[in-house]
Amino acid sequence: MIIPCIDLMGGKVVQLVQGREKALEGDSPLEMLAKFRAFPQIQVIDLDAAMNKGSNDSLVELVASRCVARVGGGVRSGERARALIQQGAHRVIVGTAAFDRKKLAEISDAVGPERVVIALDSKAGKVVTHGWQEATDFSAEEVIQQLEPYCSGFLCTYVDKEGMLQGTDLDWFRRLRAATRHELTAAGGITTIEEIRELQKLGIHAALGMAIYTGRLDLNELALLNA
């Protein structure tokens with residue numbers, strides 16, 4: 001499955017490079033939803049909430065009410081996870097809180113593990129948290145099996161190439177696929193149809209941002225791949 005991304009910052013749809021530098025702004029959330037109407041799921045990330053710089057709750061709720069959305073950014077409590085589900089989110093994406101076992105258990109219990117996707121974002125081989133600003137001392141491969149009971153899937157972002165349109169690390173995704181039978185979604189640097197096809201062969205979904213927003217990948221061609 002191919003999953004287009006809507007990242008929100010300051011009330012706007014944006015794309016960042018490696019989670020830091022804003023590279024471009026997209027159309028309004030509703031206009032982006034119209035463009036993505038051929039796709040069965042949308043990924044929505046509230047970047048402000050992820051970085052503790054406010055939130056875009058009204059926009060998140062608007063988007064989640066109009067599509068099948070997996071929503072992330074600032075999901076640090078069971079209460080927050082429940083609120084997003086009540087607002088229309090199909091699943092919630094848990095990043096930083098996934099590495100506080102008490103918080104993760106609370107979130108998983110609140111909405112059920114089937115509604116939880118854990119974000120395993122990697123930079124220089126290590127998992128990064130707090131909006132990709134802080135590095136841990138462990139790799140995604142080392143912890144993925146420990147986290148399986150709390151979720152139904154993992155969103156794995158190759159931060160080293162995020163937003164750079166330079167390709168992703170297929171070998172990393174192969175290692176992750178070998179490490180878990182849970183659903184996997186790849187993100188970060190995916191630039192070509194060939195990469196998407198290779199991920200599909202591995203049984204891994206592709207979450208796409210910059211390559212769509214810049215026109216590097218054609219939405220009509222992607223929709224055919226998704227069929």
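Me: Buried means under 20% relative accessible area, exposed over 50%, and partly exposed in between (1.4 Å probe, protein chains only). With that in mind, what makes R91 count as buried?

Reply: R91 has 6% relative accessibility, and the cut-off for buried is under 20%, so buried is the right word. Bear in mind that this is a predicted model, where local features need pLDDT of at least 70 and side-chain atom pairs count only at pLDDT 80 or more, while totals for chains, interfaces and linings use all residues. Residues are numbered from 1 along each chain as its sequence is written, and side-chain values use heavy atoms, leaving out hydrogens and water.

Me: Why is the pair R91 and E183 called a salt bridge?

Reply: The term asks for a side-chain nitrogen of Lys or Arg within 4 Å of a carboxyl oxygen of Asp or Glu. The closest N and O atoms of R91 and E183 are 3.0 Å apart, so the pair passes. R91 sits in strand β6 (residues 91–94) and E183 in strand β11 (residues 183–187), 92 residues apart. (Strands are DSSP runs of E, at least two residues, and helices are runs of H or I, at least four, numbered from the N terminus.) E183 is partly exposed at 23%. R70 joins in too: R70, R91 and E183 make up a network of salt bridges.

Me: How do you know that R174 and E198 tie separate parts together?

Reply: Their side chains meet in a salt bridge, at 3.5 Å from N to O. R174 belongs to helix α7 and E198 to helix α8, so this pair ties together parts 24 residues apart in sequence. R174 counts as partly exposed at 33%, and E198 does too, at 21%.

Me: What about D27 and K35, and how many salt bridges are there by this rule?

Reply: D27 and K35 form one, with their closest N and O atoms 2.5 Å apart. D27 is partly exposed at 32%, as is K35 at 43%. The count comes to eight salt bridges.

Me: D7 is buried, so what is the nearest side chain of opposite charge?

Reply: That's R70, 11 Å away, and D7 has no salt bridge. (Lys and Arg count as positive, Asp and Glu as negative; His and the chain ends are left out.) D7, in strand β1, does have a polar contact with the side chain of Q15, at 3.5 Å. That fits the rule: N or O atoms within 3.5 Å, one able to donate a hydrogen and the other to accept it within protein, with residues adjacent in sequence counting only if both atoms are side-chain atoms.

Me: Why can you say that the buried residues of α3 line one face?

Reply: The buried residues of α3 (57–64) are L59, V60, V63 and A64. Seen down the axis, they fall within an arc of 130°, so they line one face of the helix. The arc is taken from the directions from the helix axis to the C-beta atoms.

Me: And what makes the buried residues of α10 sit on the same side?

Reply: In α10 (219–226), L219, L222 and N226 are buried. They cover an arc of only 60° around the axis, which puts them on the same side. On the other side, N220 and L224 are exposed.

Me: Which residues have the most contacts inside the largest nonpolar core?

Reply: I6, I118, L120 and L222 do, in a core of 64 residues. Helix α7 (170–179) gives the largest share, five residues.

Terms used
Core = buried A, V, L, I, M, F, W, Y, C linked by side-chain atoms within 4.5 Å.
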